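Reader: I should like to go through this structure by question and answer, with the reasoning set out at each step. Where may we begin?

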Amino acid sequence: MEDCIFCKIANGEIGTDKVYEDEFVTAFRDLNPQAPVHILVVPKKHYSNVLEVKENDDIIAKIYGAINKIAKQENIDQSGFRVINNCGKDAGQTVMHMHFHIIAGRALGDKIV
Ligand code: AMP
Ligand code: ZN
């Protein structure tokens with residue numbers, strides 16, 4: 001996808017502070033961290049958001065497999081973490097390439113649910 005910043009990160013055109021990569025997924029530190037650990041987990045293939053994921057597509061399983069590994073790598077598997085996906089306008093999605101935030105490293109306080 002042209003002019004998509006996360007596609008450019010996934011294909012190496014733009015550098016980031018990468019923490020994990022496999023065939024399907026890349027993960028890197030958020031530029032504007034909201035907690036001591038703030039990592040974005042991104043499919044290498046472009047999906048605008050979760051509405052583009054079809055029923056038999058295993059990309060979400062791949063993403064959660066990566067999250068599992070990253071949690072151990074970052075030593076947040078015992079203390080805990082939050083995974084957030086913003087989808088669309090009311091959720092405040094700003095980058096239109098599906099991504100999952102891993103937020104951790106402090107008590108995360110108020111929750112919506
Ligand atoms: P969202 O509001 O869920 O769309 O989140 C987009 C996130 O991407 C924000 O937390 C930004 O700080 C982050 N972000 C945007 N550009 C970059 C970049 N080049 N490298 C790392 N994080 C980025
Ligand atoms: Zn993209």
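Reader: Is H97 buried or exposed?
Author: This is a predicted model, and the accessibility is computed from its atoms. A residue counts as buried when its relative accessible area is under 20%. The value for H97 is 0%, so H97 is buried.

Reader: Which protein atoms are the donors of the zinc ion (ligand 2)?
Author: H97 takes part through its ND1 atom, and the protein donors lie 2.0 to 2.3 Å from the zinc ion. Along the chain they follow the spacing C-x2-C-x38-H-x50-H. The donors are C4 (SG), C7 (SG), H46 (ND1) and H97 (ND1).

Reader: What geometry does the site of the zinc ion (ligand 2) have?
Author: Ideal angles for four tetrahedral donors are 109.5 degrees. Four donors count as tetrahedral if all angles lie between 85 and 135 degrees. Here the angles among the four donor atoms are 105 to 116°, and the site is tetrahedral.

Reader: How many residues apart in sequence are the parts that C4 and H97 tie together?
Author: Both residues are donors of the zinc ion (ligand 2). C4 lies in the segment before α1 (5–10), whereas H97 lies in the loop between β4 (81–84) and β5 (100–104). C4 is also buried, at a relative accessible area of 7%. The pair therefore ties together parts that are 93 residues apart in sequence.

Reader: To which residue does the backbone oxygen of H97 lie 2.7 Å from a polar side-chain atom?
Author: The residue in question lies in the loop between β4 and β5. With a relative accessibility of 6%, that residue counts as buried. The polar side-chain atom at 2.7 Å from the backbone oxygen of H97 belongs to H99.

Reader: Which residues come nearest to ligand 1?
Author: There are 16 residues around ligand 1, and H99 is one of those that come nearest. H101, found in strand β5, is another of them. The full set of nearest residues is D30, N86, T94, H99 and H101.

Reader: What share of the exposed area of ligand 1 does the protein bury?
Author: Several polar atoms of the protein lie by the ligand: an oxygen atom of ligand 1 is 2.5 Å from an N or O atom in the side chain of D30, and a nitrogen atom of ligand 1 is 3.2 Å from a backbone N or O atom of L31. A polar backbone atom of G92 is 3.2 Å from an oxygen atom of ligand 1. Taken alone, ligand 1 exposes 510 Å², of which the protein buries 83%.

Reader: With which side chain does that of H101 make a polar contact?
Author: H101 is buried, with a relative accessible area of 12%. The contact between the two side chains is 2.8 Å, and the partner of H101 is H38.

Reader: How many bridges join β2 to strand β3?
Author: Strand β2 (residues 25–29) has four of its five residues buried. On one side of the pairing, β1 (residues 18–21) is antiparallel to β2 over three bridges, with K18 opposite F28, and a hairpin of three residues joins β1 to β2. Strand β3 (residues 37–43) also runs antiparallel to β2, with V25 opposite P43. The number of bridges joining β2 to β3 is five.

Reader: How far apart in space are A107 and R82, C-alpha to C-alpha?
Author: A107 is placed in the segment after β5 and counts as exposed, at 70% relative accessibility. A107 and R82 are 25 residues apart in sequence, and their distance in space is 10 Å.

Notes: Residues are numbered from 1 along each chain as its sequence is written. Chains are lettered from A and ligands numbered from 1 in the order in which they are written. This is a predicted model: local features need pLDDT of at least 70, side-chain atom pairs count only at pLDDT 80 or more; totals for chains, interfaces and linings use all residues. Side-chain values use heavy atoms; hydrogens and water are left out. Donors are N, O and S atoms within 2.8 Å of the metal (3.2 Å for Na, K and Ca); water is not among the atoms, so sites may look incomplete. Four donors count as tetrahedral if all angles lie between 85 and 135 degrees; four count as square planar and six as octahedral if opposite donors are over 155 degrees apart and all others between 65 and 115; anything else is irregular. Helices (H or I, at least four residues) and strands (E, at least two) are DSSP runs, numbered from the N terminus. Buried means under 20% relative accessible area, exposed over 50%, partly exposed in between (1.4 Å probe, protein chains only). Two strands pair if DSSP finds at least two bridges between them. A residue is near a molecule or strand if one of its heavy atoms lies within 4 Å of it. A polar contact is a pair of N or O atoms within 3.5 Å; within protein, one must be able to donate a hydrogen and the other to accept it, and residues adjacent in sequence count only if both atoms are side-chain atoms. Accessible areas come from the Shrake-Rupley method with a 1.4 Å probe; for residues, only the protein chains shown count as cover.
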